Amino acid sequence: MGPQHRSAERRGADPSYINMPSFLLLEAICIFLFAGVPPSLPLQEVHVSKETTGKIAVASRMMWCSAAVDILFLIDGSHSIGKGSFERSKHFAITVCDALDINPSRMPNSSSSELPVRKVRSTVLPGSRCSQPSVAKGFDGLPSAKPVKGSAVKGFTEQEKVRVGAVQFSSTPRLEFPLDAFSTQQEVKAKIKRMVFKGGRTETDLALKYLLRKGFPGGRNTSVPQVLIILTDGRSQGHVALPAKQLKQRRVTVFAVGVRFPRWEELHTLASEPREQHVLLAEQVEDAANGLFSTLSGSDICTIASPDCKVQPHPCERKTLEIVRELAGHAPCWRGSRGTDAVLAALCPFSSWKRVFLTHPASCYRTTCSGPCDSQPCQNGGTCIPEGPDRYHCLCLPAFRGEADCAAKLRLECRVDVLFLLAGSAAATPEGFLRAKAFVQRFARAALSEDSQARVGVALYGAELAVAVPVGEYPDVPGLVRSLDDLPFGGAAATLTGRALRQAAERGFGSAAGTGLDRPRRAVVLMTEARSQDEVAGPARFARSRELLLLGVGSEAVRAELEEIAGSPERVLIYAEAQDLFRQIPRLQGKLCSRPRPGCQAQSLDLVFMLDASVSVGLRNFAQMQSFVRGCALQFDVNPDVTQIGLVAYGGQVQTVFGLDTHLTRAAALRAVSQAPYLGGVGSAGTALLHIYDKVMTVQRGARPGVPKAVVVVTGGRGVEDAAVPAQKLRDNGVSVLVVGVGPILREALRRLAGPRDSLIHVAAYEDLRHHQDALIEWICREARQPVNLCKPSPCMNEGTCILHNGSYRCECRDGREGPHCENLHVFPRGLERRHPQGTQPQPRACRRAAAAPLPADTQEAWAPWALKGGLPSAEHSVSWGPLRVCLQPCPEPSCPLS
């Protein structure tokens, strides 16, 4: 038997061999082969915040490149990018040209005996320069625009600062216009607009070799920097690594700008080092232009108009959306045949396609400028709209339209005497003195009127206090303003702010002070940029004891000193620059007329005071704390429906003096505060905060779901080193924490405990606590108006999970618990089952001597209704429950029988 006959016999016996016509075999092979072609659809985005995006866009329009440089655009015109992406490439090139100084500068001719009268330089905006060049033959015989012979002024030669050229490439490179063709920005942009899409293969390697062979067309060789901007999708059909490397070795700076769906690996191969600063995306025009100019600014080719601009790395992401193939299963297929009329059948894998995002974190170097809206100049809910690097306008609410920066109409409605205390020492500088004087003049014009009850005076100080304008001497505003014009800068060697405060309290108001009830409110506004050379805490306390309102206005350098003088950060106004200083006028007006306001009478609040009762405080100072808490509690309507107050003291131990739901009236809470024990010992604020977290600010101990919650910590500053983490734990659980730190020195541990700056009140001495009551009440009321998360802190007991649902919440219970807050133990008597809200009914469990089993203490009440399976309970199947026991009574016996 021959081999062919044996093979045929084997094929007939083997069921995997199937007879198939040859044309079906060819079709199957083609399907199998083409199924393996993996398509891809990449997509790249750079992610920055909206604010940063706006600043990047503004900065890109503020850049200007005027150094001598040759810039050549190498634009991909192949079919792989398409006509739409080609137009976007042109748009990017035109945007770049907007910032290029494409204008011939006239230089003196050494052969001429005449000297130029002035340097000829255009000062008009980019895009408005015009000239009419004559057309001549340029590089490679292509049309080139050159200045008309003899058009230069005698004694001058023309040399362009920035030259721009363009080459389009696809199957072959094509010179659109050489670098020396046009001498104005307008002509270059017009030529780029007229470029026509070429089409063809993507032969980036041939374009690079063309530049290696020919150089920059119409360029100045290596006498000026050469910049090559390649706009392509990175899908070259040839190898680009070697020609790109050779170009960079010739000191050509290469930017690779991606279009459409770029292949990032090839762009990185093309770009110069560092690649993160030379790889961009043309689809985001302003971002790409900013990145290009930011890199060029490092070599002084481009500059930024504002000194407030700087190049910074910003975190960004490059996302690629790819379609990947994954194995989906196996199906019968034909792998070939050994004869002419049969094929071999087998199971072959088949794949499905899936779109996935691949994220590549990167750093984007961009120039950002401090915008005009950074200082938030629009007040009273106005919206700031930038109109350039230094201009803006405000969209104001109807009540504030017509006023600058949406400011309220300034007018001092209160009866107040104000003494401005201006630093006139050498350390304050003449410029600072002039700023302060201008501030007082603007304040007088804005806030005073003919029928105003406010009176203003001015005093200068260095080593001594000198009252330059007594309070109330000038009843009319123009006379007051003119008197301030003549105030001289003293320039004293010493800056004795403490002495000046004491002298201002003693004689600063003169006879204008009045007596008794007839005396108006008196305020001292200290304006300084120089630190005091004497002690200020004692004189400040002396001034406040004489019922003077102390306010501070100054720079960041003296913030701490001003806060110590004023007694509270709320009474200090800080400015960074002159314009920012004048924006403080409305705030100063508000603080001069503000009066202590009652607490949040109608606002629900759970408030816990935590007092430091350790040995570092002492009994006398602890009594001052008690008085402070009583004064604050007087401002609230204490009852179970509005404000609940609790008190925790800590020293050698932590003690809950009374919980949130202990006292139902304000009088009862005030008596309990007075009876709070002084504990002594070494205190730990961290332990006390954890005690509040676990045993005070909980639903089980009286905290109400959906009610704002706040903890006020009053401490001398010792024993708080371990408190920062517990305080943050409370904040993360929806409880606001304010720290009132007492002592002449603000400890760093207190700053860490306070967290945000507005969550700290620094008090110089325990006797001054009463002066900070207004600031504390204002903070508490502000926190009480904040939105509340119903699940923070969690109202669910026994490890239940709180879930927000339709503006309310529900608790998912564990371990057989039930009830609105998982407070009950789940018990299923035999023959009975619970009606489930969703309609599903769990299986009943047999009762085994349930009457003898005591229930946990937290399930003594609130039992869910029960129903007999198939209907209501009958007389012989009833359920009874008490505070500690539950019993099923299916028979007269007093206990449940065994199941």
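## Salt bridges, sheets and a cavity in a predicted model

Aspartate 768 and arginine 544 meet in a salt bridge in which the closest N and O atoms are 3.0 Å apart. The two residues belong to distant parts of the chain, with aspartate 768 in the loop between β29 (760-763) and α22 (773-784) and arginine 544 in helix α13 (residues 537-545), 224 residues apart. Both aspartate 768 and arginine 544 are buried. The model described here is a predicted one, and the values that follow are computed from it.

### Other salt bridges

Across the whole structure, a search finds 20 salt bridges. In general terms, side chains of opposite charge can pair when their charged atoms come close. One of these pairs joins glutamate 283 to arginine 88, at 2.8 Å from N to O. Glutamate 283 sits in the loop between β12 (279-281) and α9 (285-297), whereas arginine 88 belongs to helix α4 (residues 82-97), so this salt bridge ties together parts that are 195 residues apart in sequence. Glutamate 283 is partly exposed, its relative accessible area being 31%, and arginine 88 is likewise partly exposed, at 37%.

A further salt bridge is formed by arginine 201 and glutamate 203, whose closest N and O atoms are 3.1 Å apart. Arginine 201 is partly exposed, with a relative accessible area of 43%, while glutamate 203 counts as buried because its relative accessibility is 11%, and the cut-off for buried is under 20%. Salt bridges also form a network, which links Lys83, Glu87 and Lys90.

### The sheet that contains β8 to β12

An open sheet is formed by 6 strands in the order β9-β8-β3-β10-β11-β12, and the pairing within this sheet is mixed. The edges are taken by β9 (173-177) and β12, each of which has a single partner strand, so one side of each is left without a neighbour in the sheet. From one strand to the next, the twist averages 25°.

At one edge, strand β8 (residues 162-169) and β9 run antiparallel and are joined by 4 bridges, with alanine 166 standing opposite phenylalanine 177 in β9. These two strands, β8 and β9, make up a hairpin that has 3 residues between them. At the β12 edge, strand β11 (residues 252-258) pairs with β12 in the parallel sense over 3 bridges, and valine 257 has leucine 280 in β12 as its bridge partner.

### The sheet that contains β24 to β29

Another open sheet of 6 strands follows the order β26-β25-β24-β27-β28-β29, again with mixed pairing. Here the edge strands are β26 (654-658) and β29, each of which pairs on one side only, and the twist averages 20° from one strand to the next.

Within this sheet, strand β28 (residues 735-742) has 8 of its 8 residues buried, so β28 is largely enclosed by the rest of the structure. In a regular strand the side chains alternate between the two faces of the sheet. In β28, Val735, Val737, Val739 and Gly741 point one way, Ser736, Leu738, Val740 and Val742 point the other way, and all are buried.

The table sets out strand pairs from the two sheets.

| Strand pair | Sense | Bridges |
|---|---|---|
| β8 (residues 162-169) and β9 | antiparallel | 4 bridges |
| β11 (residues 252-258) and β12 | parallel | 3 bridges |
| β25 (residues 643-650) and β26 | antiparallel | 4 bridges |
| β27 (residues 709-715) and β28 | parallel | 7 bridges |

Individual residue pairs can be followed here as well: leucine 647 has phenylalanine 658 in β26 as its bridge partner, and the bridge partner of valine 712 is leucine 738 in β28. Leucine 738 is also one of the buried residues of β28.

### The largest cavity

A search of the whole structure finds 5 cavities of 30 Å³ or more, and the largest cavity holds about 80 Å³ of space. Its lining is made up of Leu422, Ala423, Ala428, Gly432, Phe433, Ala436, Met527, Thr528, Glu529 and Tyr575. Two or more residues of this lining come from each of β18 (416-423), α10 (430-447) and β21 (521-528), and α10 gives the most, with 3 residues. By residue class, the lining of the largest cavity divides into 7 nonpolar, 2 polar and 1 charged.

Technical notes: Residues are numbered from 1 along each chain as its sequence is written. This is a predicted model: local features need pLDDT of at least 70, side-chain atom pairs count only at pLDDT 80 or more; totals for chains, interfaces and linings use all residues. Side-chain values use heavy atoms; hydrogens and water are left out. A salt bridge is a side-chain nitrogen of Lys or Arg within 4 Å of a carboxyl oxygen of Asp or Glu. Buried means under 20% relative accessible area, exposed over 50%, partly exposed in between (1.4 Å probe, protein chains only). On a 1 Å grid over the protein atoms alone, a cavity is a set of points where a 1.4 Å probe fits but cannot get out, and a pocket is an open set with protein on both sides within 12 Å along at least five of seven lines; lining residues have an atom within 4 Å of a point. Grid points are joined across faces, edges and corners, and a volume is the space filled by probe spheres set on the points. Ala, Val, Leu, Ile, Met, Phe, Trp, Tyr, Cys and Pro count as nonpolar, Asp, Glu, Lys and Arg as charged, and the others, Gly among them, as polar. Two strands pair if DSSP finds at least two bridges between them. Axes are lines fitted to C-alpha atoms, for helices over the stretch in contact, and angles run from 0 to 180 degrees between N-to-C directions.
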